[in-house]
Amino acid sequence: SPGSRGAGMEAAVAPGRDAPAPAASQPSGCGKHNSPERKVYMDYNATTPLEPEVIQAMTEAMWEAWGNPSSLYPAGRKAKDIINAARESLAKMIGGKPQDIIFTSGGTESNNLVIHSVVKHFHANQTSKGHAGEHHSPVEGAKPHFITSLVEHDSIRLPLEHLAEEQVAAVTFVPVSKVSGQAEVDDILAAVRPTTRLVTIMLANNETGVVMPVPEISQRIKALNQERVATGLPPILMHTDAAQALGKQRVDVEDLGVDFLTIVGHKFYGPRIGALYVRGLGELTPLYPMLFGGGQERNFRPGTENTPMIAGLGKAAELVTQNCEAYEAHMRDIRDYLEERLEAEFGQKRIHLNSQFPGTQRLPNTCNFSIRGPRLQGHEVLAQCRVLLASVGAACHSDHGDQPSPVLLNYGIPFDVARNALRLSVGRSTTRAEVDLVVQDLKQAVAQLENQA
């Protein structure tokens, strides 16, 4: 049964490196593992450990493919071959073409690269008015307009806020519906202006797991683009940050209909680098480099390629292509069991599941919940936990202290419920036995806090 898969996957789960690795994934129940050192990691949305096969691919690349990929001697050619194979694996994972994949340092760079490119492209078109068919600019001195949602990752929100402050771009932040939890297609379309150049909406939210209606948004934008082109306006490009969705559900660029898609290795048991998918790179879809150097990645992202990391990313993608359905089924089973156990132990009235919106799809591994009570702020509960390793929300915001997550407030979760939120995200080898341990741990943490009153 999926619930008993943990024992064979010890190496895959050595979380945080602060707990004894083997104990971290063995199904519990036998005496010595219930000691205070026993930890259960449930923060897989923040980062994942490396799969053993990924470590192996990276190690082999370090030993055998240390040459410069631009060189012609064997160690260089080997490096080039590994990079090409990894590009193929990534393309296969998302249903795209290898030539449309660019390697980057991670999700933050990929997201910034898209935003930066769109600004550059807007200005390139502004200055080429003399050419036929380039009468794109509705107003002299206009700024490119971006549409995004209020619940995006900081690597989208902050560059856009920065561009707006510098008066380089205009940005509309569309709210999410309190009913569906999603950025609504109609709200996005209503925000479109003649100067709109990019819609960027994450594929799945990192705190709630809510899956956004990206295919519907793309379809509507595509239809609108036909009208725009007929009136002499340039098409609007579509980007999705797929960081949280990859490895948890099927991701296909054709189904999604996007022009850009962000890939982040350390969210699917790969290393801390990433990639960017660009549909018809340089031909159908423009990309402007942020860095200038030795011409690697066809000049779009120069710098000598990080062969071992790219090898690991390719292997992680391969594993997702082979096993995604099994990963998804296992994680959903464990997450559903976790939510059942929480409601059974604390009572349905006390547990508020912050990520459940009727009729809305969510990631199979993410459970965002609050235990109601005046002294049960998320970070206080976690501080009392002896077994559970998790977070109150996005790992990048761990220094916000007592403040509830802005993302949850945007989802319409009431202030004192949001302040008590915990985000538990399970992984490929999380077991039901570990869920039982975690729920008991939360019970003792809550009892402790309530006794202090």
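1. Let's start at Glu305. Apart from neighbours within four places in sequence, Glu305 is in contact with Pro69, Lys80, Ile83, Gln296, Glu297 and Ile310. You will find Glu305 in the loop between strand E8 (274-278) and helix H9. Is Glu305 buried or exposed? Its relative accessibility is 10%, and buried means under 20%, so Glu305 counts as buried. Please keep in mind as you read on that this is a predicted model.

2. Now step back to the whole chain. The protein chain has 453 residues, and buried residues make up 58% of them. Its secondary structure comes to 13 helices and twelve strands. If you take the contacts with a separation of 6 or more, 72% of them are between residues 24 or more positions apart. It helps to remember that last value when you look at the individual residues below.

3. A three-stranded sheet is a good place to practise. Which strands form it, and in what order? The order is E9-E10-E12, the sheet is open, and the pairing is antiparallel. Strand E9 (351-353) and E12 stand at the edges with a single partner strand each, so each has one side without a neighbour in the sheet. From one strand to the next, the twist averages 30 degrees.

4. Next, look at how these strands are joined. E9 and E10 run antiparallel and are joined by three bridges. One residue pair to find on screen is Ile351 with its bridge partner in E10, Ile371. On the other pairing, strand E10 (residues 366-371) meets E12 in the antiparallel sense over five bridges. Here you can look for Cys367, whose bridge partner in E12 is Leu424.

5. Strand E12 deserves a paragraph of its own. How many residues of strand E12 (residues 421-425) are buried? Five of the five are, so the strand is largely enclosed by the rest of the structure. In a regular strand, side chains alternate between the two faces of the sheet. In E12, Ala421, Arg423 and Ser425 point one way, while Leu422 and Leu424 point the other way. The residues pointing either way are all buried.

6. What lies across this sheet? Helix H9 (residues 307-346) lies across E9, E10 and E12. With respect to E10, helix H9 runs at about 10 degrees.

7. Thr208 shows how residues distant in sequence can come together. Thr208 sits in the loop between strand E5 (196-200) and helix H7 (214-230). In sequence, Thr208 and Leu353 are 145 residues apart, yet their C-alpha atoms are 9.5 Å apart in space. Leaving aside neighbours within four places in sequence, Thr208 has contacts with Asn354, Ser355, Thr366, Asn368, Leu408 and Tyr411. With Tyr411 there is also a polar contact between the side chains, at 3.4 Å. Thr208 has a relative accessible area of 0%, so it is buried.

8. Compare that with another threonine, Thr262, which is found in strand E7 (residues 260-264). Thr262 has 0% relative accessibility and so counts as buried. Which side chain makes a polar contact with the side chain of Thr262? The partner is His239, at 2.9 Å. Beyond four places in sequence, the residues in contact with Thr262 include Gly107, Ser110, Asn111, His239, Ala275 and Leu276.

9. Do have a look at the largest pocket, which has a volume of about 470 Å³. It is lined by 26 residues, and those closest to its centre are Asn225, Pro235, Ile236, Leu237 and Asp259. Helix H4 (107-127), H7 and strand E6 (237-241) are the elements that give two or more residues to the lining. Which of the elements gives the largest share? That is H7, with five residues.

10. Finally, turn to the cavities. The structure holds two cavities of 30 Å³ or more. The largest cavity has a volume of about 50 Å³. Its lining brings together residues from many parts of the numbering, among them Tyr44, Thr48, Gly247, Lys267, Met331, Asn365 and Arg428.

Key. Residues numbered from 1 in each chain as written. Predicted model: local features only at pLDDT ≥ 70, side-chain atom pairs only at ≥ 80, totals over all residues. Heavy atoms only, no water. Helix = DSSP H or I, 4+ residues; strand = E, 2+ residues; numbered from the N terminus. Buried < 20%, exposed > 50% of the residue type's maximum accessible area, 1.4 Å probe, protein only. Contact = heavy atoms within 4.5 Å. Polar contact = N/O pair within 3.5 Å; in protein donor to acceptor, adjacent residues only side chain to side chain. Pairing = 2+ DSSP bridges. Axes fitted to C-alpha atoms, helices over the stretch in contact; angles between N-to-C directions. 1 Å grid on protein atoms, 1.4 Å probe; cavity = no way out; pocket = protein on both sides within 12 Å on 5 of 7 lines; lining within 4 Å. Points joined across faces, edges and corners; volume = space filled by probe spheres on them.
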